[in-house]
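Trainee: I'd like to go through how the labels on this one are earned. Mind if I ask?

Mentor: Go ahead, here it is.

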Amino acid sequence: MVRDSCHLKLTTLVLCKHRPISANMTTKRRMKKEEEEDVESKYFHKKVKISQDIDTKWVQSLDNKGYFNWIVGQTGNVPNRWSIPLDPAIFDDNISTLPPLFKAVYLKLRQLRAKIETPVDTVGGSTLPFTIGKKCGIDRDQIVPKNYRVQVLIGVMLSSQTKDEMTAKAFYNLMKYCQDELGSNQGITVNALQQIDEVTMDELIKCVGFHKRKAHYIKQTCDILADKYECDIPPNDTELLVLPGVGPKMTYLTLQKAWGKMDGICVDVHVHRFCQLFHWVNAKKCKDPNLTRIALESWLPVQLWKEINVLLVGMGQLIDRPKKNRIHICETVLKDDPEAIDLIEHMNNYKDWVNYVVKLCRREQKTGVKLELDPITTTNIKIKAEDDICSLLPSADDDIPVKLEKPLSPPSIKQEEQL
């Protein structure tokens, strides 16, 4: 009977593949699947749905200064954010739901991140309106908030399955084209992007993965934003997920950076991998980043939702860098910090490094070493991004035409279909 029932479900799914499915139907099914998926962490069995009550109409009414002052407070994206101590109550009030050693491991990662600036801090998809905008002569106090929100969405869409450095190059190409060829003093806007034909857009963003697909998605998205949102972006996850090419990771990162909403955790491959290796989620059930997100949201303190992505992505980028880069850091900047040097020298691969961090935390716990919550005063260093994107980009004073980047090796048809 059970086999017949399973066979019937599979047959129904196969038949349904040939039925036309609207965008709204797709979104509802996706959200229903998330609600029904049994991927809860073994440390906490209550499903949690966080939804902040933010008046988006009020947010839209803010001027430049009011908006950016508010959004910085909401996202915690402030200078030296990792040196600012966390409230101990974040951990103490949730001690029964946290995985073993979570507090010790998390604080140790924060301490190391306080000393190192990684590419995600400057050229991550959601930071590009500021970093690339400045390179193009557009300071933060000149950005219209609505255009900033659009630029956040475009940056996040470009960043999918692409290194931050390549995302920054593509974003820069679009910004300069909008300025130089279309006369847009704001750079990337919905109206400006609508004027770029799909072939030209594909050429401008060729350095990112799946550039043809992304050019098509961006063109479709801009038409939707112009028709339904007055050239702004949707203010909730339901409507963002309907946009072409926008998945859960992009949705929750965009909501956080553009609307100040913490409706979900942004989980990419770095966060997914670390959560599995640290045993923060059930690796057997959480087979992809979205399932990891659902499990992580069931127990992670809400105060950490806005920072865990940047924290772990930065660590992943450090592990992914060539060994000679890490040796240079140890020999020059961190020469007086043996603990940090020890952690960096063990970054041979994800699995071994995670095991080493856990081993250190266990040892500290047994020996009674007090974990330091206060900020560590040390020289803040930068991990050189591949191709050093910030130094390669011309300054606002340079009169240099847009140079189309050489494309990466084209993805296979199978990879395109999996996007």
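Trainee: Is the crossing of α9 and α13 left-handed or right-handed?

Mentor: The crossing of α9 and α13 is right-handed, the term for a near helix turned clockwise from the far one by less than a right angle (anticlockwise would be left-handed). Keep in mind that this is a predicted model, where local features need pLDDT of at least 70, side-chain atom pairs count only at pLDDT 80 or more, and totals for chains, interfaces and linings use all residues. Residues are numbered from 1 along each chain as its sequence is written, and side-chain values use heavy atoms, with hydrogens and water left out.

Trainee: Why are α9 and α13 called roughly antiparallel?

Mentor: Helix α9 (residues 145-159) packs against helix α13 (residues 211-228) at about 155°, with the axes 10 Å apart. Angles over 145 degrees count as roughly antiparallel, so this pair gets that label.

Trainee: What makes the contact between them?

Mentor: From α9 come Leu153, Ile154, Met157, Leu158 and Ser159, and from α13 Lys214, Tyr217, Ile218, Thr221 and Leu225; contact means heavy atoms within 4.5 Å. By class, that's seven nonpolar, two polar and one charged.

Trainee: How do you know that Ala340 is buried?

Mentor: Buried means under 20% relative accessible area with a 1.4 Å probe, protein chains only. Ala340 has 1% relative accessibility, so it counts as buried. Ala340 lies in helix α20 (residues 338-345), and its C-alpha is 8.6 Å from that of Lys115, 225 residues away along the chain.

Trainee: How much of the protein chain is buried?

Mentor: Buried residues are 50% of the 419 there.

Terms used:
Axes fitted to C-alpha atoms, helices over the stretch in contact; angles between N-to-C directions. Helix = DSSP H or I, 4+ residues; strand = E, 2+ residues; numbered from the N terminus. Parallel < 35°, antiparallel > 145°, perpendicular 65-115°, else oblique. Nonpolar A, V, L, I, M, F, W, Y, C, P; charged D, E, K, R; others polar.
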